Amino acid sequence: MSSLPVDYQQRAEALDIRQSFCVSAPAGSGKTELLTQRILRLLADCEKPEEVLAITFTRKAASEMRSRIVKALEEAWRNEGEVAGHQLQTRELALKVLERDANLQWQLLHNPARLRIQTIDGLCGALARQLPVMTQFGTSPKITDDHQPLYERAIHRLLSSQGDESGEVGEAIETLLWHLDNKLDKFFLLLTGLLAKRDQWLGLVGAKLSGGIDVASLNDFLEAWVAEQLEGALQLLAPYGSDIARFGDYAASQLIEQNTTSRLTLLQGMAALPGQDIAAVECWQAVAELLLTSGKWRKSMTKKQGFPAKDKTLDEVTNLRRVETKAAMLALLESLRERDDIRSALAAVSYLPTSSYNQQQWHVLQAISVILWQLNAHLQIVFSEQGEVDYTAISMAALEAMGTEEEPTELALLWDYTTRHILVDEFQDTANAQYALLVKLINGWYEDNENNPARPKTLFLVGDGMQSIYAFREANVGLFLQAREQGVGQIALKPLDLSVNFRSKAGVVEWNNRVFARSFPPSSDRGRGAVCYSLAEAFDQTDSDSAGRLLGCVDQEDRLLEAQQVVHLCAEARAKSTAGSLHSVAILVRNRSHLKQIIPALQEAGIPWQATDIHGLATQMVVQDVMTLTLAMYDLSDRISWLALLRSPLVGLSLNQFEQLSAIYLNTGCSVLSAYRQYADEHIDVRIRDTAEQLVTAWDNRLRKPLRIWLQALWIALGGAETMADSEQYGQVLRYFDLLEQLASNEVGLDTERLQQHVDKLYAEPLADSAAVQMMTIHKSKGLEFDTVILPGLDRQPRADDKPLFNWQQWTLNSGEQGILVAPLAAEGAAEDSIFNLLQQESKQKLLLEKTRLLYVAATRAVKQLYLVANLKSDEKNGGYKRPASSSLLSSVWDAVVDEVETVELPLSRSVNEQEGYAGIVRLPNDWQPEVVVAPSLLERYRRDPMRGKQQNIPSFDEYVVARHVGTVVHEYLQAICEQGVSLWCEKIIDQRRTAIRLRLKELGVAAVELLKAEQWACLLLNKTLASETGRWLLSSSHRDSQCEAELVTLKQGSQQRLIVDRSFIDEQGRRWIVDYKTASPSAGEEIELFIQQESEAYRQQLATYRNCYKHMENLPTVCALYFPSIDRLVKLTG
């Protein structure tokens, strides 16, 4: 394997700081390292480090880039160790920066903040804050992610401002509400959706619609645009025009004879291809219908398309004509089958509008324009009142702060003076507003470079169009394609293409090349966001076997088999880990819901998993219970929440009790709390009386304490903490209370709808376990890599997006003329017009193209092995499998992988819940009482001396009682290991038993807050025993007369005494071993030998009693010993 990548010349050229570049860097190509080297080269040539600005799109990317640069400088300063390859180049570049640093006294290592590496949002914020008066913020506002309440407040302001007035705004609101059938909720939903995108329509749509453009102007551009599309189709089909016209006329004649209403009848009398004006669109759509079905070339022609078969009732000449015409038509289709450009053009024709704008459309568009302009003004007032803004406001303010190209502000001039080089990472994710800002940042650079060619200002863009997957954030991959072709602003960019993949093995790279080269569009189209595929080459060629597999779960009604297959793959992959090398495994999904069956399956198999923003807390019962408590206590009239609370584990009424309570509630008409209070007064159940008293007392004391403290105290008093299965659940509840504290305010109260929205966005914290299977969405995985990647649910379809209030798109004609196509949402209950459908189809096509790129991103996370898993349906008619839905990820690559499907045939075993039945709601016992805290001094005289003497040996994480329960569980498992055979147990088996261990500890009485620590301590002791030669020798069942937990009975002062011996056996020398397990460990700072001495003295008499019992039964030499798993010591006791 060569030490240099095949694209090393392009990488070397990218470090030419006299040129500006747009680099295409596919997955795994080392773009971050290239950016780092470019920055180091620039720093070595600058007067000040602030002259170089690197822009990223995430804080994580900015942090990684900064860390790499600082690390390179630190390692160069120490100049330790030998480096080679790209690391040697980085070292040499860093040494030159340090030399420059020393000459100019930058002190970068002491002040790395001088490195200007910012996120795009951070940059916009910095620009906006420098001109607070101009940006209309006054003091610096707080940027919030929770913008929905601000949008809704602005809409309320808009509606309230009208009163009874009937001016232009009032009439516009009336028009829009009438259009939406007076559905106010839809009115709010559509307008809030548009406010988040106002940076697009304020300058593009709003200004044009309210700036004097009338319906005639819109129609002129629409007709010109349609003519251009038809002209393209006409040029492509011109060589086949006469044949198409002949077959179209024939088909139309046959259909008219059949008295059908097919659109193909429009082709009757056709002598040539249709014209290019909007009136000819329907004829063109008939041509498309003649040649295509569902956007694909027809494979057959039947009576329905005007090509009937032979008919015995007709003469021979007519039948012969039918046969020959059909054969000629099929021959034409066969000749067109490889012309994907013609097929695409005809498919696009199918969605062209058949008519121009009408007055009703224009009337609604004008109303929308008036409302949006006014709504934006009200939103600015809300921002000012609340002192909060969204990211869109910051982005727009940054643009305003820079002025215009003709009239730049002082800030823009200052920026131009201090910044000489800009680097942008992940440029394919740039949105239009961000691109506009970049153009303003480099305004004037062209003239500067003309005047100073020796030290030009440079722009360096890095991205990968194949990884553009953020359309929902308004990312426009067409801007990346445009930059490569035309540059940015007046700065020309030289395109560079990297091709070497340093991440994945050859097998993965070759599979991706083979599959995605067939799945990406054949050519790029920046208008539609189409990106063609670029072949990659693996740097590591040691593994050339195909590493991509498609596993199909055929004809399954549910996802259980798929989940089992994923578990099997995870277990298989994790088994590849060694002591010195971790084999990382990741499950990547399109949507969080696709893990619904997989997470329980992993838990049941004992496979640890770590989820990033996956495990929603809103679906957890413990969070739902505390949410119910909040809603009930916040509103006495919330009957549903109160009834749910009384049935929850916090109160725990049975169905019979619930029915009795309901009778009181219905008969008296009082609140549920009052009814429960009456029911408790008449009831002898202690638990019911106590919970009623707690609820009534808490209600009477409302508003006397902060909401969080008040509710959390009530939750604890009701026994909420005791219903927790483990500390993980307890942590989930605490996160809920943290959120409650954040949202609650004594001044304005609690907005319960907003609370629910925030709870829906809460996710469980990922476990800190590097060996755990990683689970995340594909979007979250971008930039990461894993040895094995599993992609389940590839046949699933996403939820359809809601239609916007109006749709728009800007187009540029071949003549250079620019204009917009815009259409409003149809009136409630009416069909959408053809212009709106066209724009929707354009959006759909962009999403379908991005869908292929999304699967590419997922596949390129794999280093060694890639698995695609999907539920497939058998095609009984044609054999094989039915094609997945067009919106599924699998459909993007189906043609390339359909012949590689491997059928999954794992035996389907029932889940734990199916085997054991639903456990039901966890309820506290009727006699449960809150723990009463008693001063330790009151119990001192009741404590025994042995208890006092052992305190220092109890594990530091808990009281003696928890240590005792841990010891019980460890004893039970050591017995099982010995009896089943120590060879059958290992650390992996213990990990699989974690859930059972936790439940056993809970059963013994370990509090929820201590469960996780207790579980970890028990597993640690068991794993240490299994890892120890001494431990495995003790537990070996091969010893003669092997006994575990042996029961002995002796007489003491005339009464029987029952003794339990942890472990006993006879060794090869004929000695009886009597061993007692001790799970205690030395306290912090305690010497081990002193600890052992104290433990030995404490248990010497106990072991002597055991020895005497065995002496009465047999005449063998004995060895008494204590075994400490925590320190792996077997201590023999003498005397």
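Start by selecting strand β9 and looking at its two faces: both are covered, with Thr458, Phe460 and Val462 buried on one side and Leu459, Leu461 and Gly463 buried on the other. That makes six of six residues buried, so β9 is mostly covered. Keep in mind as you click around that this is a predicted model.

**Next door to β9**

Now add strand β8, residues 421–424. Four bridges join β8 to β9 (residues 458–463), and the two strands run parallel. You can pick out individual partners here: His421 is matched with Thr458 in β9, while Val424 has Leu461 as its bridge partner.

Then bring in β1. This strand is also joined to β9 by four bridges, again running parallel. Select Phe21 and look across to β9: the residue opposite is Phe460. If you're wondering what holds such neighbours together, strands of a sheet pair through backbone hydrogen bonds.

**The whole sheet**

Zoom out a little. Which strands make up the sheet, and in what order? Six of them, arranged β3-β2-β8-β9-β1-β10, form an open sheet with parallel pairing. At the edges sit β3 (116–119) and β10 (494–497), each of which pairs on one side only. Look along the sheet for its twist, which averages 15 degrees from one strand to the next.

Next, show helix α2, residues 31–43. This helix packs on the sheet and touches β1 (21–24), β2 (52–56), β8 and β9. Compare directions, too: that of α2 makes about 170 degrees with that of β9.

**Zooming out to domains**

Colour the chain by its domain assignment. Domain 1 comes in two pieces, 7–134 and 390–497. Domain 3 covers 217–350, and domain 6 covers 957–1133. Domain 2 (145–206 + 358–389) and domain 5 (621–761) are worth selecting together: their centres, taken over C-alpha atoms, are 39 Å apart.

**A helix and its cover**

Move to helix α25, residues 639–647. Which of its residues are buried? Ser641, Trp642, Leu643, Leu645 and Leu646. Show what covers them, and you'll find helices including α24 (621–634), α26 (655–668), α27 (672–681) and α28 (686–700).

**Last stop: cysteines**

How many disulfides does the structure hold? Zero. Select Cys1019 and Cys986 to see why Cys1019 has no bond: its closest cysteine sulfur, in Cys986, is 13 Å away, too far for one. Cys1019 counts as buried because its relative accessibility is 0%. Finish at Cys670, which at 19% relative accessibility counts as buried too, since the cut-off is under 20%.

Key. Residues numbered from 1 in each chain as written. Predicted model: local features only at pLDDT ≥ 70, side-chain atom pairs only at ≥ 80, totals over all residues. Heavy atoms only, no water. Domains from an automatic or database assignment. Pairing = 2+ DSSP bridges. Axes fitted to C-alpha atoms, helices over the stretch in contact; angles between N-to-C directions. Contact = heavy atoms within 4.5 Å. Buried < 20%, exposed > 50% of the residue type's maximum accessible area, 1.4 Å probe, protein only. Disulfide = S-S within 2.5 Å.
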